[in-house]
Each structure stands twice: as structure tokens, then as C-alpha cells.
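The following exercises are to be worked through with the sequence and the model at hand. Each task is followed by a solution in steps.

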Amino acid sequence: KIGGAMTAGLTLPILGVAAASVKMANDLNKSLANVGSLGVGAERLKEMKKGIQDLSIETAQSTDDIAAGMYEVVSAFGDGADAMKILRINSKAAKAGLASIPDTIKMTSAVTKAWGDTSAEAVQHVADLGLKTVELGQTTLPELATSVQGVTLMSKNLSITQEELFAVMAAGTGVIGSASEVATKLRGAQ
């Protein structure tokens, strides 16, 4: 009876945790294989795996989500020296803005590429602007990320600063409507 009780109360939960751990490790490896498909070598993938696991602990986000973010970082910015720093910035912004990491990266990459500075400092600035826009406007970070992508290059070409663009998005979402409606009006104003 004692052995049966121990099996049900201790052994089975331990086996369940072990199975879940194996699944999580396999999922992370699959996600890293996707990053590898972008031309990232095996040694660099090992470094990324450690960084992703550390960031998962730091931000309480799943390694799957962070690895999906790393794919977006490498796809959008390349595998430069700032890749992990850019991933960390976007992971923290996504968590603060209740968004997915890929959504946040789409916003930061669109804006930084349009203005020609894709450094980690520029990414941090755009992430801060996005979060401030959500705070001051009536929008969400995922909606803002999608909408701002369509007006970044036009805004840059019209000599609108990043700060002005995000201010228009914050003010416009309080007056005009959704971020996508504000972006549509902004495109029409050109």
C-alpha cells in the first residue's frame, strides 16, 4: 500500500514533469532549427539557446516565444553583435505591452529600418515610443505594431520624426479611432 501510494503521489508527477521537460527541450530545438535555416551556424545556435533560456527565466516568457522572436530578429536585423540585446528589448516591450515578441519586432524593425538606424539603442528608443503611445493613446501594442508598419517609410520621407509619428498615433487613436484608421488617415494626408 505504501509503495502504491508513493507511486501515485510521487513517481507519477515526477514522470509527468520529466515528459514536459523533454517536450519543451524538443520544441526549443525545433525553433532554433528554424533560426538555423536563416544561415546561422551550429556554434552560434548554441550561444543563442543559452541566451534564450536565460531570457526566458529573466522575463518569465516561454522559450518557444523567445525563440520565435529570435527568428524575427535574425530575419529583420541579421545575426549581428546586437541580436540578443535586440531580442531582450523586444521581449521586455512585448511583455509590458501585452503583445507577442514577433509583433513588437515588426514594429521596431519597421521604424528603425525606415530611419536607417537599426542599433540596439535605436530599437530601445522605438520600443519606448511604442509603449508610451499605448499608455497615452487608445490602442494596444499589437494594433500599433501592425498599423505603424504601413506609415513608417512615408513618414520618414516627409521628414516626420519618430517622436512625431508616435505622437500622431497616440493623439489620433483618442480622436479618430483605431490605430489602423489613424494610419489610413495619415497615408491619405501625404
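**Exercise 1. Determine how helix 5 and helix 6 are oriented to one another, and which residues form their contact.**

Solution. The model is a predicted one.

Step 1. The axes of helix 5 and helix 6 approach to within 9 Å, and they cross at roughly 120 degrees.

Step 2. Angles of 65 to 115 degrees would count as roughly perpendicular and those over 145 as roughly antiparallel; helix 5 is therefore oblique to helix 6.

Step 3. The handedness of this crossing is right-handed.

Step 4. On the side of helix 5, the contact is made by M107, T108, V111 and T112; on the side of helix 6, the partners are A122, V123, V126, A127 and G130.

**Exercise 2. Classify T139 as buried or exposed, and identify its surroundings.**

Solution.

Step 1. T139 lies in a loop, between helix 6 (120–136) and helix 7 (141–149).

Step 2. The relative accessibility of T139 is 11%. Buried means under 20%, so T139 counts as buried.

Step 3. When neighbours within four places in sequence are left aside, the contacts of T139 are T133, V134, L144, T173 and A179.

**Exercise 3. Check the length of helix 9 against its expected span, then describe its buried residues and what covers them.**

Solution.

Step 1. Helix 9 comprises 14 residues, 162–175. The expected span is 1.5 Å times one less than the number of residues, so helix 9 should span 20 Å.

Step 2. The end C-alpha atoms of helix 9 are 20 Å apart, in agreement with that expectation.

Step 3. The buried residues of helix 9 are Q162, L165, F166, M169, A170, G172 and T173. One of these, T173, is also a contact of T139.

Step 4. The cover over the buried residues of helix 9 includes helix 5 (101–115), helix 6, helix 7, helix 8 (152–157) and helix 10 (179–189).

Step 5. After helix 9 comes G177, with a positive phi near 150 degrees.

**Exercise 4. Summarise the architecture and the surface of the protein chain.**

Solution.

Step 1. The protein chain contains ten helices and zero strands.

Step 2. Of its 190 residues, 40% are buried.

Step 3. Among contacts with a separation of 6 or more, 65% join residues 24 or more positions apart.

Step 4. The exposed area of the protein chain is about 9800 Å², of which carbon and sulfur atoms supply 59%.

Methods. Residues numbered from 1 in each chain as written. Predicted model: local features only at pLDDT ≥ 70, side-chain atom pairs only at ≥ 80, totals over all residues. Heavy atoms only, no water. Helix = DSSP H or I, 4+ residues; strand = E, 2+ residues; numbered from the N terminus. Buried < 20%, exposed > 50% of the residue type's maximum accessible area, 1.4 Å probe, protein only. Contact = heavy atoms within 4.5 Å. Areas by Shrake-Rupley, 256 points an atom, 1.4 Å probe, with all protein chains shown as cover. Axes fitted to C-alpha atoms, helices over the stretch in contact; angles between N-to-C directions. Parallel < 35°, antiparallel > 145°, perpendicular 65-115°, else oblique. Left-handed = near helix turned anticlockwise from the far one by under 90°.
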